[in-house]
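I am opening these notes with two topics in mind, the surroundings of the ligand and a loop with some backbone details to check. The entries below follow the order in which I looked things up.

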Amino acid sequence: MLAIYPGSFDPVTYGHIDVIERALRIFGRLVVAVAHNLEKTPIFTVEERLKILRAVTREIPGVEVDGFEGLLVDYARRRGANVIVRGLRALSDFEYEFQMALTNRKIAGDIETVFLMPSEQYSYLSSRIIKEISALGGDVSAFVPDIVARMLKAQG
Ligand code: PNS
């Protein structure tokens, strides 16, 4: 079964990779789908994020990395997937995820959202905090794959 794991992945963290691995234990194939998000100011371009995600998932069988524009449910339908995977860390994620899942269900009742909890060692990680640590000159190597740490460093 094919599932879609959508997100900004700006940048991908060990928490995201943990969710990818968990999703693959349930769904045989997973498309990690990077959204061309209109309202955010990203640190990496979509192309850079795709490149990073491809590099860090190269050795995980069953993963495909792709970008998408427009509505997530339209993309899922185009790909023939009726499952969306999202990671749920803490209660603070819940409201936003609840809103998105139910909105998506309202506009596409045939697509189900499934939530997976990352390992507790990653449950406090967020791309936003990684960006902040990195922008302030901190070391993020415990939180993100090497390629991300290097590319963040290169951004100065
Ligand atoms: O990693 P993020 O930023 O929490 O991911 C949010 C994402 C990309 C899953 C969400 O913004 C999304 O689905 N965007 C695509 C546009 C869309 O379908 N919006 C309606 C969702 S209710």
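**Ligand contacts**

I began with the backbone, where a polar atom of Leu72 lies 2.8 Å from an oxygen atom of the ligand. I keep in mind throughout that this is a predicted model.

I then turned to side chains and noted that an N or O atom in the side chain of Ser8 is 2.5 Å from a ligand oxygen atom, while for Arg86 a polar side-chain atom is found 2.9 Å from an oxygen atom of the ligand. I looked next at how far the ligand is covered, and the computed value is that the protein covers 78% of the 550 Å² of accessible area that the ligand has on its own.

**Pocket and shell**

Where does the ligand sit? I find it in the largest pocket.

I listed the residues around the ligand and obtained 14, of which Ser8, Lys40, Leu72, Arg86 and Tyr96 come nearest. Sorting the shell by class, I got 6 nonpolar, 6 polar and 2 charged residues. I also asked myself which element gives the largest share of the shell; helix H4, covering residues 91-107, does so with 4 residues.

**Salt bridges**

I counted salt bridges with a cut-off of 4 Å between a side-chain nitrogen of Lys or Arg and a carboxyl oxygen of Asp or Glu, and the count comes to 9. One pair I wrote down is Arg49 with Asp10, whose side chains meet in a salt bridge at 3.7 Å, N to O. Why does this pair tie together separate parts of the chain? Arg49 belongs to helix H2 (residues 46-57) and Asp10 to the loop between strand E1 (2-7) and helix H1 (14-26), so the pair links parts that are 39 residues apart in sequence. As a reminder to myself, side chains of opposite charge can pair when their charged atoms come close.

**The loop between E1 and H1**

I stayed with Asp10 and checked its backbone, where the peptide bond from Asp10 to Pro11 is cis, with omega near 0°. Pro11 has its place in the loop between E1 and H1.

Phe9 lies in the loop between E1 and H1 as well, and I noted for Phe9 a positive phi of about 50°, although this residue is not a glycine.

Definitions and conventions:
Residues are numbered from 1 along each chain as its sequence is written. This is a predicted model: local features need pLDDT of at least 70, side-chain atom pairs count only at pLDDT 80 or more; totals for chains, interfaces and linings use all residues. Side-chain values use heavy atoms; hydrogens and water are left out. A residue is near a molecule or strand if one of its heavy atoms lies within 4 Å of it. A polar contact is a pair of N or O atoms within 3.5 Å; within protein, one must be able to donate a hydrogen and the other to accept it, and residues adjacent in sequence count only if both atoms are side-chain atoms. Accessible areas come from the Shrake-Rupley method with a 1.4 Å probe; for residues, only the protein chains shown count as cover. On a 1 Å grid over the protein atoms alone, a cavity is a set of points where a 1.4 Å probe fits but cannot get out, and a pocket is an open set with protein on both sides within 12 Å along at least five of seven lines; lining residues have an atom within 4 Å of a point. A molecule sits in a cavity or pocket if more than half of its atoms lie within 2 Å of its grid points. Helices (H or I, at least four residues) and strands (E, at least two) are DSSP runs, numbered from the N terminus. Ala, Val, Leu, Ile, Met, Phe, Trp, Tyr, Cys and Pro count as nonpolar, Asp, Glu, Lys and Arg as charged, and the others, Gly among them, as polar.
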